[in-house]
Amino acid sequence: MLNSDIAAFREDLLARDKASIIEIAVENYSIRSDMKARLHVMEQISRDMSLQYDEMRNLLKCREYEIEELRKQNLHLAGVRTMQAQEMYGQSSEKIVSIINERSRRSPLSYK
């Protein structure tokens with residue numbers, strides 16, 4: 001409150017009788033109690049949110065680690081698959097090339 005507001009409030013209280021001042025005090029006490037209760041709830045919510053944030057951040061770190069491990073495993077398996085495919089198709093293509101070479105030695109083709 002501004003000093004002028006405080007001065008005006010003081011003058012208003014001085015002009016009132018004792019019963020109305022007590023009524024104002026009880027009303028203000030009730031408002032203050034309600035605000036303290038709300039503040040307590042807000043502080044609890046803030047603490048809970050902070051804990052949940054920390055849990056989520058830790059979970060995110062775990063998931064990032066798992067994703068990285070799965071990415072490495074995927075690259076490894078893709079490499080193994082590529083090597084297997086090369087081995088399998090390489091052997092069969094080598095067989096085909098050797099068969100073609102053998103046939104071409106036995107009976108050369110003429111493209112005339």
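## A chat about a predicted helical model

Lysine 72 and glutamate 69 form a salt bridge, their closest N and O atoms lying 3.9 Å apart. The model under discussion is a predicted one.

Colleague: Happy to start with that pair! How far apart along helix 2 are lysine 72 and glutamate 69?

Modeller: Both residues belong to helix 2. Their closest N and O atoms are 3.9 Å apart, and the cut-off for a salt bridge is within 4 Å. Because lysine 72 and glutamate 69 are three residues apart in the helix, their separation is about one helical turn.

Colleague: And which exposure class does lysine 72 fall into?

Modeller: Its partner, glutamate 69, has a relative accessible area of 33% and is partly exposed. For lysine 72 the value is 45%. Exposed would need over 50% and buried under 20%, so with 45% lysine 72 is partly exposed.

Colleague: Thanks, that is clear. How many salt bridges does the structure hold?

Modeller: One of them joins arginine 16 to aspartate 12, with the closest N and O atoms 3.2 Å apart. Another joins aspartate 34 to arginine 38. Counting every such pair, the structure holds five.

Colleague: Let's look at the aspartate 34 bridge. Is arginine 38 buried or exposed?

Modeller: Aspartate 34 and arginine 38 are four residues apart in helix 2, so about one helical turn separates them. Aspartate 34, at 38% relative accessible area, is partly exposed. Arginine 38 has 55%, and because the cut-off for this class is over 50%, arginine 38 is exposed.

Colleague: What about the arginine 16 bridge: what is the relative accessible area of aspartate 12?

Modeller: Arginine 16 is partly exposed, at 37%. Aspartate 12 is partly exposed too, and its relative accessible area is 35%.

Colleague: Moving on to serine 20, which side chain makes a polar contact with the side chain of serine 20?

Modeller: Serine 20 is found in helix 2, which covers residues 18-106. Its relative accessibility is 18%, and since buried means under 20%, serine 20 counts as buried. The polar contact from its side chain is 2.7 Å long and reaches the side chain of aspartate 17.

Colleague: How much of the protein chain counts as buried?

Modeller: The secondary structure comes to two helices and zero strands. The chain exposes about 10900 Å², with carbon and sulfur atoms supplying 60% of that area. Of its 112 residues, the share that counts as buried is 3%.

Colleague: One last thing, about the nonpolar surface patch. What is the area of the patch made by Val41, Met42, Ile45 and Met49?

Modeller: Take isoleucine 45, one of the patch residues, whose place is in helix 2. Patch residues need over 30% relative accessible area, and isoleucine 45, being partly exposed at 39%, therefore passes that cut-off. Together with Val41, Met42 and Met49, isoleucine 45 makes a patch of about 400 Å².

Terms used: Residues are numbered from 1 along each chain as its sequence is written. This is a predicted model: local features need pLDDT of at least 70, side-chain atom pairs count only at pLDDT 80 or more; totals for chains, interfaces and linings use all residues. Side-chain values use heavy atoms; hydrogens and water are left out. Buried means under 20% relative accessible area, exposed over 50%, partly exposed in between (1.4 Å probe, protein chains only). A polar contact is a pair of N or O atoms within 3.5 Å; within protein, one must be able to donate a hydrogen and the other to accept it, and residues adjacent in sequence count only if both atoms are side-chain atoms. Accessible areas come from the Shrake-Rupley method with a 1.4 Å probe; for residues, only the protein chains shown count as cover. Patches are made of residues with over 30% relative accessible area and no salt bridge: like charges are joined within 9 Å, nonpolar side chains (Val, Leu, Ile, Met, Phe, Trp, Tyr) within 5 Å. A salt bridge is a side-chain nitrogen of Lys or Arg within 4 Å of a carboxyl oxygen of Asp or Glu.
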